[in-house]
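Here is a set of exercises to work through with the sequence and the coordinates side by side. Try each task before you read its solution.

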Amino acid sequence: MPKLALFVNGVRQETESAAAMPLLWFLRDVLGLTGTKYGCGEGVCGACTVLEEGVAVRACQIDLAAAAGKRYTTIEGLSADGSHPVQRAWLEENVAQCGYCQPGMIVEAAALLARKAAPTPAEVESALGDHSAAAAATRASAGRSTARPGAPASARPEAADDHPARLPPSLRAAGGGC
Ligand code: FES
């Protein structure tokens, strides 16, 4: 199987994983970067948000073929010690609730502040308003499909030979959730 290469948190990663494997699975199950969460698997909840070339994207909606050659930053890559300004502000303002959606929201907020240091409330709402912890946790625990509506069978994650089930392997034993 041909190798694919991409950069994650500044490190070049080569893999022989299936080209159809979602980036989210690669991050969690191959690299062990479990800070990026699985929620809906449909690009809706934002739990899987990472930076692609500095832009916030949903890792469940990007396969390795599309990710090849690009640079990604996960919650683990924002800072080595939790000292990113958004992470510090999250603690100082006591933002966290259940915690499941926090990595995706922090990464999204970091992307927003990188492109505009003082966003308006409307811009904050636009960037973060569709992140949904409830949707993420509920759908993850229910083991809902990760297939995008209307996606051809060949594009579905389960088409990847080494990942026949829909839920990322790292979450199957726990039945979803954190
Ligand atoms: S948007 Fe990717 S898991 Fe919900």
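The exercises below go from the overall fold to the sheet, the core, the helices and the loops of this predicted model.

**Exercise 1. The overall layout**

Find how many helices and strands the chain has, and write down their pattern along the sequence.

*Solution.* Start with the count: the chain has 8 helices and 5 strands. Next, walk along the sequence, and the pattern reads β-β-α-β-β-α-β-α-α-α-α-α-α. Then turn to burial: 38% of the 178 residues count as buried. Last, look at contacts between residues at least 6 apart in sequence; 64% of these join residues at least 24 apart.

**Exercise 2. Ordering the sheet**

Work out the order of the strands in the open sheet and name its edge strands.

*Solution.* Step one is the order, which is β2-β1-β5-β3-β4, with mixed pairing across the 5 strands. Step two is to look for strands that pair on one side only, and these edge strands are β2 (11–15) and β4. Step three is the twist, which averages 40° from one strand to the next.

Now take the pairings in turn. β1 and β5 run parallel and are joined by 2 bridges, and F7 stands opposite R71 in β5. β5 (residues 71–73) also pairs with β3, here in the antiparallel sense over 2 bridges. In that pairing L51 has T73 of β5 as its bridge partner. On to β4 (residues 55–58): it runs antiparallel to β3, with 4 bridges joining them.

**Exercise 3. One strand and its hairpin**

Decide which residues of β3 point one way and which the other, and say whether they are buried or exposed.

*Solution.* Begin with a general expectation: side chains in a regular strand alternate between the two faces of the sheet. In β3 (residues 49–52), T49 and L51 point one way, while V50 and E52 point the other way. For burial, the cut-off is 20 or more other C-beta atoms within 10 Å. T49, V50, L51 and E52 are all buried.

Follow the chain onwards and you reach a hairpin, in which 2 residues lie between β3 and β4. The bridge partner of E52 in β4 is V55. In the turn, E53 has a positive phi of about 55°, and E53 is a residue other than glycine. Why does E53 count as exposed? Because E53 has 10 C-beta neighbours inside 10 Å, and the exposed class takes residues with 12 or fewer.

**Exercise 4. The nonpolar core**

Identify the residues with the most contacts inside the largest nonpolar core, and the element that gives the largest share of this core.

*Solution.* The core has 36 residues, and L23, L24, L27, A59 and V107 have the most contacts inside it. The elements that each give two or more residues to the core are β1 (4–8), α1 (23–30), β3, β4, α2 (64–67), α3 (75–78) and α5 (102–115). The largest share, 6 residues, comes from α5.

As a cross-check, see where α5 sits: this helix packs on the sheet, touching β3 and β4, and its direction makes about 35° with that of β3.

**Exercise 5. Covered or open?**

Say which of the two helices α1 and α4 is mostly covered and which lies largely in the open.

*Solution.* Take α1 first: 7 of its 8 residues are buried, so α1 is mostly covered. The buried ones are L23, L24, W25, F26, L27, R28 and D29. Just after α1, G32 takes a positive phi of about 75°.

Then take α4 (85–92), where the number buried is 0 of 8 residues, so α4 lies largely in the open. Just after α4, N94 takes a positive phi of about 55°, and N94 is in the loop between α4 and α5. N94 counts as exposed because it has 7 C-beta neighbours inside 10 Å.

**Exercise 6. A helix crossing**

Describe how α5 and α6 cross, and list the residues that meet there.

*Solution.* The axes of α5 and α6 (residues 121–128) come within 10 Å and cross at roughly 135°. That angle makes α5 oblique to α6. The crossing of α5 and α6 is right-handed. On the α5 side the residues are M105, E108, A109 and L112, which meet E123, V124, A127 and L128 in α6. A general point helps in reading such lists: an α-helix has 3.6 residues a turn, so residues three or four places apart point the same way.

Methods. Residues numbered from 1 in each chain as written. Predicted model: local features only at pLDDT ≥ 70, side-chain atom pairs only at ≥ 80, totals over all residues. Pairing = 2+ DSSP bridges. Core = buried A, V, L, I, M, F, W, Y, C linked by C-beta atoms within 7 Å. Contact = placed C-beta atoms within 7 Å. Axes fitted to C-alpha atoms, helices over the stretch in contact; angles between N-to-C directions. Parallel < 35°, antiparallel > 145°, perpendicular 65-115°, else oblique. Left-handed = near helix turned anticlockwise from the far one by under 90°.
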